[in-house]
Amino acid sequence: MTQNYRITLLPGDGIGPEIIAVAVDVLKLIAKQHDLNFEFQEAPIGGAAIDLTGNPLPEETLQTCRNSDAVLLAAIGGYKWDNLPRHQRPETGLLGLRAGLGLFANLRPAKILPQLIDASSLKREVVEGVDIMVVRELTGGIYFGEPKGIFATETGEKRGVNTMAYTQSEIDRIGRVAFETARKRGSKLCSVDKANVLEVSQLWRDRIIALSAEYPDVELSHIYVDNAAMQLVRWPKQFDTIVTGNLFGDILSDAAAMLTGSIGMLPSASLGATGPGVYEPVHGSAPDIAGQDKANPLAQVLSAAMMLRYGLDQPAAAEKIEQAVLKVLDQGYRTGDIMSEGMKPVGCRAMGDVLLQALEQ
Ligand code: IPM
Ligand code: MG
């Protein structure tokens with residue numbers, strides 16, 4: 001029997017519409033091959049939504065997402081909206097989506113593909129075999145803590161404030177996701193904090209240690225965030241699964257991504273306790289190359305694969321897409337961001353075409 005899924009597409013800004021179009025073509029073909037039916041509905045978010053409605057996350061978009069089985073997001077943001085007040089910024093729409101869907105767990109895999117080792121800025125022996133999963137807390141910490149704002153002090157001087165705060169239950173739920181994730185991988189979990197300075201990190205560490213009693217099969221370690229940044233570029237193979245808070249995870253996941261040569265290759269999944277997850281590339285909207293058919297659609301396509309695996313429980317279809325991506329890389333096709341000598345340069349659309357061919361074979 002044909003499985004029916006409602007998928008909300010959020011193309012967003014910049015290169016978003018180009019890369020999501022490739023992912024949709026891939027999903028349509030995979031649907032035929034695996035007896036699935038996708039009902040796609042598109043909704044505006046970010047700058048595109050600001051232009052249409054004045055709001056980076058219209059209520060209707062959030063409702064459409066809530067009423068779907070999974071959400072495929074491309075990217076948001078661009079110079080055009082950078083100077084608007086914060087509540088009207090594209091980024092605020094993305095944060096609202098995460099909060100509105102309760103997506104507290106962000107899984108960001110950084111796995112080096114043998115085909116792309118030479119695209120990494122680090123030496124081959126350092127990055128060969130890297131396979132890291134960053135589990136980033138996504139709806140708490142300094143991104144959402146109160147008080148926040150720019151206030152006038154008694155002397156009339158301005159003071160900017162954000163608050164890094166985590167409750168015990170917020171730490172426990174992301175900690176559990178991380179231990180479970182580690183268990184399905186190399187069973188090594190490294191928790192990143194700044195417990196030598198921050199109280200919020202001290203609680204983080206205490207809770208992760210308390211939880212570890214439930215996961216005796218997972219080897220737990222702790223590292224300060226500054227050292228984690230250093231170790232990631234020094235010897236990344238020491239890491240298997242990393243768990244950390246919102247801000248540290250934002251920073252470290254970009255660093256981990258770059259180990260693999262291009263942030264243009266990496267998908268992510270944002271999951272809540274219930275309801276649809278959001279699947280999106282780790283990279284941004286790249287306004288400098290938008291509309292020029294230069295973008296790498298592979299992170300978006302791999303995000304669609306993550307959606308099939310984690311959101312729709314269709315691992316075979318996910319696997320098929322991942323294999324097709326490896327195949328086009330084996331065939332030598334490269335967008336500009338992952339180009340190296342002797343390879344075949346292609347644009348976004350052409351990359352999509354060769355992917356479809358790989359899937360047909
Ligand atoms: C990310 C991005 C976002 C974040 C921005 C666009 C709000 O950098 O998903 O990593 O900081 O979380
Ligand atoms: Mg980021």
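These legends describe close-up views of a predicted model.

Local features need pLDDT of at least 70 and side-chain atom pairs count only at pLDDT 80 or more, while totals for chains, interfaces and linings use all residues. Residues are numbered from 1 along each chain as written, chains are lettered from A and ligands numbered from 1 in written order, and side-chain values use heavy atoms, without hydrogens and water.

**View 1. The shell around ligand 1.** Glu 91, Leu 94, Arg 98, Arg 108, Arg 136, Tyr 143 and Asp 250 surround ligand 1 (each has a heavy atom within 4 Å of it). Of these, 5 are charged, 2 are nonpolar and none is polar (Asp, Glu, Lys and Arg count as charged; Ala, Val, Leu, Ile, Met, Phe, Trp, Tyr, Cys and Pro as nonpolar; the others, Gly among them, as polar). Helix α4, residues 90-100, gives the largest share, 3 residues (helices are DSSP runs of H or I, at least four residues; strands are runs of E, at least two; both are numbered from the N terminus).

**View 2. Ligand 1 between two domains.** Domain 1 (1-101 + 275-361) and domain 2 (105-272) both give residues to the shell, so ligand 1 lies between them. The domain bounds come from an automatic or database assignment.

**View 3. Polar side chains at ligand 1.** A side-chain N or O atom of Arg 108 is 2.8 Å from a ligand 1 oxygen. For a polar side-chain atom of Arg 136, the distance to a ligand oxygen is also 2.8 Å. For Tyr 143 it is 2.5 Å. The protein covers 76% of the 320 Å² of accessible area that ligand 1 has on its own (Shrake-Rupley method, 1.4 Å probe).

**View 4. A cis peptide bond.** Glu 146 and Pro 147 are joined by a cis peptide bond, with omega about 0°. Pro 147 is in the loop between β5 (131-137) and β6 (149-152).

Key: Polar contact = N/O pair within 3.5 Å; in protein donor to acceptor, adjacent residues only side chain to side chain.
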